[in-house]
Amino acid sequence: MFISLVSGSSGNAALISDGKTNLLADCGLSCKKLEQALKKVNMTPADLSAVLITHEHSDHIKGAGTVARKYNLPIYATLKTHETMQIGYINETNIKYVLPDVDFEIGTIGVRPFSIPHDAVDPVGYNFFFGEKKLSLATDIGKMNRCIFDRLKGSIAVLLESNHDTEMLKNGCYPMHLKRRILGDFGHLSNVAAAQTVLELLKNGTEHIMLGHLSNENNTPTIAYTETESLLAQNGASVGRDLQLTVAHRYEVSNFR
């Protein structure tokens, strides 16, 4: 099971489960809203094994401290992320450190963090391993590079950032410094860059893509979807036949098709 619970600048959280171990990747929503979201998939936070944090921005950690305290859950993050994120007191035994490219296991799921370029202290994406299968989470990426792609290729499913339409962003109401940040190498991945990544992932065996972390002001689900679908079609690939493609809802639970 690989589910986006919420996705976007207002909050991010994804559920990864093999039926035995249940992991929450990021907790950018309140404890109450997490409880409501998990209820839709017949779970509660008490069913979670751990919370993994990608980086310290509020849309990824908003409810992490409350959830960890209420449900006695370990929180996994890099050392610098733990030192920087403001989530209140956490029991020392529930503070778990991760290192990029160092594999570990939580219950029956293998985990591999990998470094990503974003304007945070030490951000990571995650690979999740279920036996021979690999799932990957890759959002908040300023620029796709070979190292990230190598971590993603071979994944059966990927939750991939498709944050903004470049022209909407350039012509929008954001102040110039924010536009530069988003467009920079440590900002967010554009629809065009996401589409190019999806095309290459398809060539490397990926079967399911969910486009996520869409900007509410500088993107729409239709624009993001169409950008990727069109590039695939231009290269002889068909959504539905060669690849399952969907877009994560901003406030609702989204399943991979």
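**Figure 1. Pairing of strand 5 with strand 6 in the predicted model.** Strand 5 (residues 75–77) runs parallel to strand 6, and three bridges connect the two. The model shown here and in the other figures is predicted. Within this pair, A77 stands opposite Y97 of strand 6. Both strands belong to an open sheet of seven strands with mixed pairing, in the order 6-5-4-3-2-1-14. Its edges are formed by strand 6 (95–97) and strand 14 (254–255), each of which pairs on one side only. Strands of a sheet pair through backbone hydrogen bonds, either parallel or antiparallel.

**Figure 2. D101 in the loop that follows strand 6.** The loop between strand 6 and strand 7 contains D101. Phi of D101 is positive, near 70°, and this residue is not a glycine. D101 has a relative accessible area of 41% and is therefore partly exposed, since that class covers values between 20% and 50%.

**Figure 3. The hairpin of strands 7 and 8.** Strand 7 (residues 104–106) pairs with strand 8 in the antiparallel sense, over three bridges. One bridge places I106 against I109 of strand 8. Two residues separate the strands of this hairpin, and in the turn G107 has a positive phi of about 60°.

**Figure 4. Strand 8 and its pairing with strand 9.** Strand 8 spans residues 109–115 and is mostly covered, with five of its seven residues buried. Strand 9 (residues 124–130) runs antiparallel to strand 8, and six bridges join them. Among the paired residues, R112 has N127 of strand 9 as its bridge partner.

**Figure 5. Surroundings of T21.** T21 sits in the loop between strand 2 (13–17) and strand 3 (22–25). Its relative accessible area is 4%, so T21 is buried; the cut-off for this class is under 20%. Beyond its neighbours within four places in sequence, T21 contacts I16, S49, I106, G107, T108 and I109. Of these, I106 and I109 are the bridge partners in the hairpin of Figure 3, and G107 is in its turn. The C-alpha atom of T21 is separated by 7.3 Å from that of L48, a residue 27 places away along the chain.

**Figure 6. H213 in the loop that follows strand 12.** H213 belongs to the loop between strand 12 (208–212) and helix 9 (221–234). Like D101 in Figure 2, H213 has a positive phi without being a glycine; for H213 the value is about 55°. With a relative accessible area of 2%, H213 is buried, whereas D101 is partly exposed.

**Figure 7. The whole chain, for orientation.** Nine helices and 14 strands make up the secondary structure elements of the chain. The radius of gyration is 17 Å, close to the 18 Å given by the globule rule for 257 residues, so the chain is as compact as a globular protein of that length. The C-alpha trace spans about 50 × 45 × 35 Å along its principal axes. Of the 257 residues, 55% count as buried. Contacts joining residues at least 24 apart make up 61% of those between residues at least 6 apart in sequence. The accessible surface comes to about 11400 Å², and carbon and sulfur atoms account for 50% of this area. The chain carries 25 positive and 27 negative charges, whose mean positions are 3 Å apart.

Technical notes: Residues numbered from 1 in each chain as written. Predicted model: local features only at pLDDT ≥ 70, side-chain atom pairs only at ≥ 80, totals over all residues. Heavy atoms only, no water. Helix = DSSP H or I, 4+ residues; strand = E, 2+ residues; numbered from the N terminus. Buried < 20%, exposed > 50% of the residue type's maximum accessible area, 1.4 Å probe, protein only. Contact = heavy atoms within 4.5 Å. Rg over C-alpha atoms; globule rule 2.2 N^0.38 Å. Areas by Shrake-Rupley, 256 points an atom, 1.4 Å probe, with all protein chains shown as cover. Lys, Arg positive; Asp, Glu negative; His and termini not counted. Charge placed at Lys NZ, Arg CZ, Asp CG, Glu CD. Pairing = 2+ DSSP bridges.
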